[in-house]
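Trainee: Could you take me through one part of this model up close, the sheet and the aromatic rings around it? I'd like one connected walk rather than a list.

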Amino acid sequence: MRRRSLLDVFWRLGARPYDRMYRRGAPWESGPRPVLVELCESGRIAAGHLGGRRAIDLGCGSGADSIYLAQQGFAVIGVDFSQVAIDKAEAAAIDVGVEHDVEFVVADLLALPSDRVPGPFGLLFDGGTIDDFPPTVRPRVAATVTRLAAPGATFVMWCFYAERSELPVMSLSGPSRLGAPPVEPGEETDLFGDDWDIERLNLPEPTLHEACFVMTRH
């Protein structure tokens, strides 16, 4: 039997712990993911090359990645279940003048409102959300990603990535055996291999126990 992690308990509390962290300043609020910037600057990701301009940021937090994509010409929907995060994201979009190119929606990725988050999308981005879900729930998140994707869509997934046995027992700054479990090697294929071609990228700022995958919808 799989040992219950602290994430299982944390996850059952819903958005409340995240609301508290975003009020204080969550540790991951540090601008767009470097790998997303590299993909855009290299031309690998461009609004005209991905079946239209529509993009979705899954678990957008306070909006740094959504706003960056809007600045690159995408029409973006950012989704997060923390109202505090979405309020910060909307204010940040106004501050940089992209409020007409990005819409932020408070919603659970397991129960997205189709009227507010209508697919399909040519670009889907996860900058560290799927590994915030317990492993038993991740197949439902993967099914949502696949459902929202247009044929030929690109899905970029950054995540903590490691064998659980490689991790410290507890860590406040990354994955651990008792805390947030990472995506384990091979899990990306279990979750997405039936519907996506999967490529693992070399990260621009490689860090232990992190990975990024670029996937193409069949």
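Mentor: Let's start with helix α6, residues 138-148, which lies across β1 (54-58), β4 (121-126), β5, β6 and β7 and runs at about 145° to β5. Keep in mind that this is a predicted model. The sheet under discussion is an open one of seven strands, in the order β3-β2-β1-β4-β5-β7-β6, and its pairing is mixed. At its edges sit β3 (102-106) and β6, each of which pairs on one side only. From one strand to the next, the twist averages 15°.

Now go to the β6 edge. Strand β7, residues 210-217, runs antiparallel to β6, and five bridges join the two. Across that pairing, Trp196 stands opposite Arg217 in β7. Hold on to Trp196, as we'll come back to that residue from the ring side.

On to the rings, then. The count of aromatic pairs comes to seven. Take Phe155 with Phe192: their centres are 5.3 Å apart and the planes make an angle of 55°, a tilted pair. This pair links distant parts of the chain, with Phe155 in strand β5 (residues 149-160) and Phe192 in helix α7 (residues 187-192), 37 residues apart. Are these two rings' residues buried or exposed? Phe155 has 0% relative accessibility, so Phe155 counts as buried. Phe192 is buried too, because its relative accessible area is also 0%, and the cut-off for buried is under 20%.

Phe155 has another partner, and this is where Trp196 returns. The rings of Phe155 and Trp196 have centres 5.7 Å apart and planes at 55°, so this pair is tilted. Here again distant parts of the chain are linked: Phe155 belongs to strand β5 and Trp196 to strand β6 (residues 196-200), with their positions 41 residues apart. Trp196 has a relative accessible area of 2%, so Trp196 is buried. Put together, Phe155 pairs with Phe192 of α7 and with Trp196 of β6, while Trp196 faces Arg217 across the strands.

Two arginines are worth a look as well. Arg33 lies over the face of Trp158, at 3.6 Å from the ring centre. Arg54 does likewise over Phe121, at 4.2 Å from that ring's centre. By numbering, Arg54 falls in β1 and Phe121 in β4, and β1 sits beside β4 in the strand order.

One more stop: Tyr18, Tyr22, Trp28 and Phe81 are joined into a cluster by ring pairs.

Definitions and conventions: Residues numbered from 1 in each chain as written. Predicted model: local features only at pLDDT ≥ 70, side-chain atom pairs only at ≥ 80, totals over all residues. Heavy atoms only, no water. Phe/Tyr/Trp six-rings, centres within 6.5 Å; stacked < 30°, edge-to-face > 60°. Helix = DSSP H or I, 4+ residues; strand = E, 2+ residues; numbered from the N terminus. Buried < 20%, exposed > 50% of the residue type's maximum accessible area, 1.4 Å probe, protein only. Lys NZ or Arg CZ within 6 Å of the ring centre and 35° of its normal. Pairing = 2+ DSSP bridges. Axes fitted to C-alpha atoms, helices over the stretch in contact; angles between N-to-C directions. Contact = heavy atoms within 4.5 Å.
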